[in-house]
Structure formats: structure tokens, C-alpha cells
Amino acid sequence: MKTILLTFAIFYVCIGSSLARPSHDDKRLIKLSDTDKGQWVDEATILSLKQQKVNFMDITGRKFPIRSHISQNEIPDKIQFEFVVNNAISHISSERTKSFLTEFNNYFNRFYSTEFGKDSALWLLSEVEKSIAESGYSGTVSVETFAHTWLQPSIIARIEGSDPELKNEVVILGAHLDSMNLFGGSTLKAPGADDNGSGSSVLLEAFRVLLESDFIPKRTIEFQWYAAEEIGLRGSGDIAETYFQDSVNIISMINFDVVGYFEGRREIGIITDNTNAKLSQFLRIVVDAYVDFKWINKRCGYACSDHASFNSFGFPASFPVEVVFHPDMHTARDTVDKINFEQVKEFTKLALGYAIEIGVPAS
């Protein structure tokens with residue numbers, strides 16, 4: 001596997017440098033599709049694209065691989081650890097999830113370039129640190145910030161694998177922590193309860209449960225909360241590119257973004273476009289085994305969320321999501337009172353099933 005990854009790292013292309021940068025340094029290079037060569041735009045254009053619900057990826061300075069040689073053999077095709085997963089699921093606390101999301105929802109916004117965005121990320125960091133300190137976990141666990149060129153950091157919590165060889169293989173759960181009001185960017189209220197306090201809360205609760213149940217994995221499991229998703233997947237893009245350059249052996253990544261809005265359909269959407277087919281099929285198997293909701297296939301288009309950053313660097317990535325998107329997404333009305341915590345719990349079951357089945361129990 002190490003030889004495969006070294007070979008993989010040779011084949012990349014710097015798309016950001018292939019188009020001359022305009023004289024104004026505040027412009028960003030973005031793509032609207034896989035075939036788009038990129039276009040330089042200003043902040044007003046980015047806001048306009050968001051208002052029109054046009055997906056895009058910020059590729060400024062990015063170096064993407066030309067082709068991927070990463071193996072997918074480690075992704076399972078069946079359930080193996082039912083007792084361990086069901087035991088973990090029994091520790092899920094919807095009350096604790098609601099308490100976290102209520103506080104997260106209280107920030108004026110969590111926009112990436114504001115003090116609110118920075119403070120909300122650091123508060124999330126403190127919640128992760130508190131969870132570690134109070135858990136009595138017997139394994140190796142840590143958390144750190146990932147700094148960017150803007151105010152808001154990303155957060156990465158890491159449960160170290162115990163197997164001498166498998167600990168170098170990384171299983172990732174991701175969710176973006178920022179929020180945005182379409183009509184004012186950094187200037188208007190954006191509580192972001194569903195987008196994406198809900199996904200952030202799934203990650204935190206799954207992380208807490210694994211610590212409290214003293215789950216020791218053979219592989220390393222990372223929980224990543226991304227900054228600046230709303231303006232082109234910039235936080236996850238920085239992390240995915242760094243891991244690619246460092247030849248980190250990412251086995252899989254799943255992304256939790258908008259999982260709390262319930263329209264009466266007891267279903268979990270599995271995104272089928274711009275995702276890894278084998279990993280998505282395994283998520284269907286996990287849903288069938290551990291989740292009370294059923295799964296349904298769904299599409300979301302190019303660069304619709306942070307899984308796309310990892311997909312672009314050749315890492316297997318997939319995206320489970322609410323089946324009907326919140327009608328008040330990206331407004332001041334995306335509030336915690338409209339979150340269905342039963343549904344959030346079902347996504348947390350999926351997160352735990354995924355982490356344990358691919359992370360592999362040490363005993």
C-alpha cells in the first residue's frame with residue numbers, strides 16, 4: 001500500500017497555476033463542474049452563485065491528482081461487528097445532542113471570516129476536549145486545530161489505531177462547522193442548525209460514544225469539522241490536499257451535511273453522483289443493519305459538499321444526507337426548533353456503524 005501511495009503522489013496537476021491570476025488578489029479561482037477549467041471571481045459573484053444554488057469548488061492554488069491508484073480493497077462488503085456496534089448505539093444521547101446543537105445555534109453566525117466563526121470553532125474544540133477529559137478512555141485520543149489563511153480553523157479529533165500496521169490507515173468522518181446567510185454573507189444572522197449544526201452534532205455524539213464505550217480500533221479514526229465549506233469547500237480542500245501531499249493512507253471518508261430536517265419520510269439519502277460507489281454500497285449495508293430508517297438513492301450535483309474535496313484527490317468518499325433539504329437553509333430561520341432529533345440519532349447510528357465496521361475493533 002505504501003508503494004501504491006507513493007506512485008499516486010507523483011501524478012498531479014496544479015490547476016490553480018494554469019490560469020493567470022488577475023491583478024486583484026481578492027479574487028478566487030472556482031470550478032462549476034468537472035470539465036470547467038476554472039474562472040476567477042470576486043466575493044460578490046460567489047454570493048450570487050450561492051443565492052442561485054449553484055455548486056462550485058474553490059480550486060485556488062490546488063494540485064489535483066491526474067489519476068488515482070488508491071486501493072478500495074479495505075472497504076467491506078458485509079457487516080462483521082454487530083455486537084460492538086449495537087453496544088455503542090445504546091450509548092447515544094439525543095438529549096446531549098440537542099444541548100450541543102442549541103448552544104451552537106446561538107452564535108450570530110459561524111461565517112468563516114468572522115470572529116463569530118472563529119469563536120464557534122474554538123467552542124466546539126473545547127467541547128471535544130471536555131469529552132476526552134471526562135470519558136476515561138483507555139486508548140490514545142487527541143484533538144487539534146487545523147489553521148487556514150482565514151480566521152476560522154478546522155478541528156480534527158483523532159482516535160489512534162492500536163494495530164502496528166493498520167494504525168497507519170485512516171477512516172474519516174467529516175462535517176462542516178461554518179454557516180452562512182445567503183442574503184448577507186458575514187453580516188446577517190445564520191444560526192445554521194441544520195446546515196450544518198446537525199452534521200457537526202452527529203460527529204460529536206459519535207465521537208463521545210466511541211470514547212465512553214471504550215472502543216479501541218485497529219485503524220485510526222478521525223473526526224474532522226471543516227471551516228469555510230459554504231464558500232467553495234475551502235477548509236476540507238486544504239485538509240484533503242495536505243493529506244494527499246503527505247501520503248496519508250485514507251481508507252474512506254463519509255461526510256455529514258444537513259441531516260436534521262424531517263419531512264415525514266423515514267429515509268436516509270445516499271448520494272450517488274461524485275461519490276465512491278463501493279463505499280456508498282457499504283453505507284447502504286450499514287443502514288440496513290443498524291438504522292431504523294431505510295435508504296434511498298439521491299443526487300446532489302458537482303461539489304455539493306465536503307466529500308467532493310476528498311473525491312477530487314482520489315480518496316474514497318461518500319455522502320449520506322436528509323432526503324428533503326431544509327426550505328430555510330442559509331437563512332436566519334434555520335433554527336434548532338425545526339430539527340428532528342430522532343432523525344439525527346439515526347444518522348449517528350450510521351456514523352457509528354461505519355466507524356466501527358471499517359475501523360475494526362481491536363478485540
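The following exchange goes through a predicted model, from its largest pocket to its cores and some local backbone features.

Colleague: Which residues are the closest to the centre of the largest pocket?

Modeller: The largest pocket has a volume of about 570 Å³. Its lining is made up of 26 residues. The closest to the centre are K50, K53, N55, M329 and H330.

Colleague: Which helix gives the most to the lining of that pocket?

Modeller: By class, the lining has 13 nonpolar, 7 polar and 6 charged residues. The helix that gives the most supplies 3 residues and spans 43-51. That helix is α2.

Colleague: How many residues of α7 are buried?

Modeller: Helix α7 covers residues 234-245 and reaches 16 Å from its first C-alpha to its last, close to the 16 Å expected at 1.5 Å a residue. Among its buried residues are R234, D238 and E241, along with I239 and F244. The helix is mostly covered, and the number buried is 10 of 12.

Colleague: Which residue with a positive phi follows α7?

Modeller: Most residues other than glycine have a negative phi. The residue that follows α7 has a phi near 55°. It is S247.

Colleague: Which helix brings the largest share of the largest nonpolar core?

Modeller: The largest nonpolar core has 63 residues, and V128, L173, F223, W225, F256 and Y354 have the most contacts inside it. The largest share of this core is 10 residues, from a helix that spans 341-359. That helix is α10.

Colleague: How many residues are in the second, separate core?

Modeller: This core includes Y226, I239, A240 and F244. Of these, I239, A240 and F244 are also listed among the buried residues of α7. The size of the second core is 24 residues.

Colleague: In which strand is S154, a residue in contact with W225?

Modeller: Leaving aside neighbours within four places in sequence, W225 is in contact with S154 and with others including L124, V128 and L204. On the same basis, the contacts of S154 include E144, H148, Y226, G235 and I239. The strand that holds S154 spans residues 154-159 and is β7.

Colleague: Why does S154 count as buried?

Modeller: The cut-off for buried is under 20% relative accessible area. S154 falls below that cut-off, so it counts as buried, because its relative accessible area is 0%.

Colleague: Is E82 buried or partly exposed?

Modeller: E82 is found in helix α3. Not counting residues up to four places away in sequence, E82 touches Y290 and E357. Buried means under 20% and exposed over 50%. The relative accessibility of E82 is 47%, so this residue counts as partly exposed.

Colleague: Is I89 buried or exposed?

Modeller: I89 is also found in α3, which spans residues 82-89. Not counting residues up to four places away in sequence, I89 touches Y290, K349 and L352. Its relative accessibility is 12%, under the 20% cut-off, and therefore I89 counts as buried.

Colleague: How far apart in space are I89 and S213, C-alpha to C-alpha?

Modeller: In sequence, I89 and S213 are 124 residues apart. In space, their C-alpha to C-alpha separation is 9.6 Å.

Colleague: Where is the cis peptide bond that leads to N196?

Modeller: Most peptide bonds are trans. This one has an omega near 0°. N196 is found in helix α6, which spans residues 193-212. The cis bond runs from D195 to N196.

Colleague: In which loop is V258, with its positive phi?

Modeller: V258 is a residue other than glycine, and its phi is near 55°. V258 is buried, with a relative accessible area of 4%. Its loop lies between β10 (249-255) and β11 (267-271).

Colleague: What is the phi of A303, and where is this residue placed?

Modeller: A303 counts as buried at 5% relative accessibility. Its place is in the loop between β12 (294-298) and α9 (307-312). A303 is not a glycine, yet its phi is positive, about 50°.

Definitions and conventions:
Residues numbered from 1 in each chain as written. Predicted model: local features only at pLDDT ≥ 70, side-chain atom pairs only at ≥ 80, totals over all residues. Heavy atoms only, no water. 1 Å grid on protein atoms, 1.4 Å probe; cavity = no way out; pocket = protein on both sides within 12 Å on 5 of 7 lines; lining within 4 Å. Points joined across faces, edges and corners; volume = space filled by probe spheres on them. Helix = DSSP H or I, 4+ residues; strand = E, 2+ residues; numbered from the N terminus. Nonpolar A, V, L, I, M, F, W, Y, C, P; charged D, E, K, R; others polar. Expected span 1.5 Å × (residues − 1). Buried < 20%, exposed > 50% of the residue type's maximum accessible area, 1.4 Å probe, protein only. Core = buried A, V, L, I, M, F, W, Y, C linked by side-chain atoms within 4.5 Å. Contact = heavy atoms within 4.5 Å.
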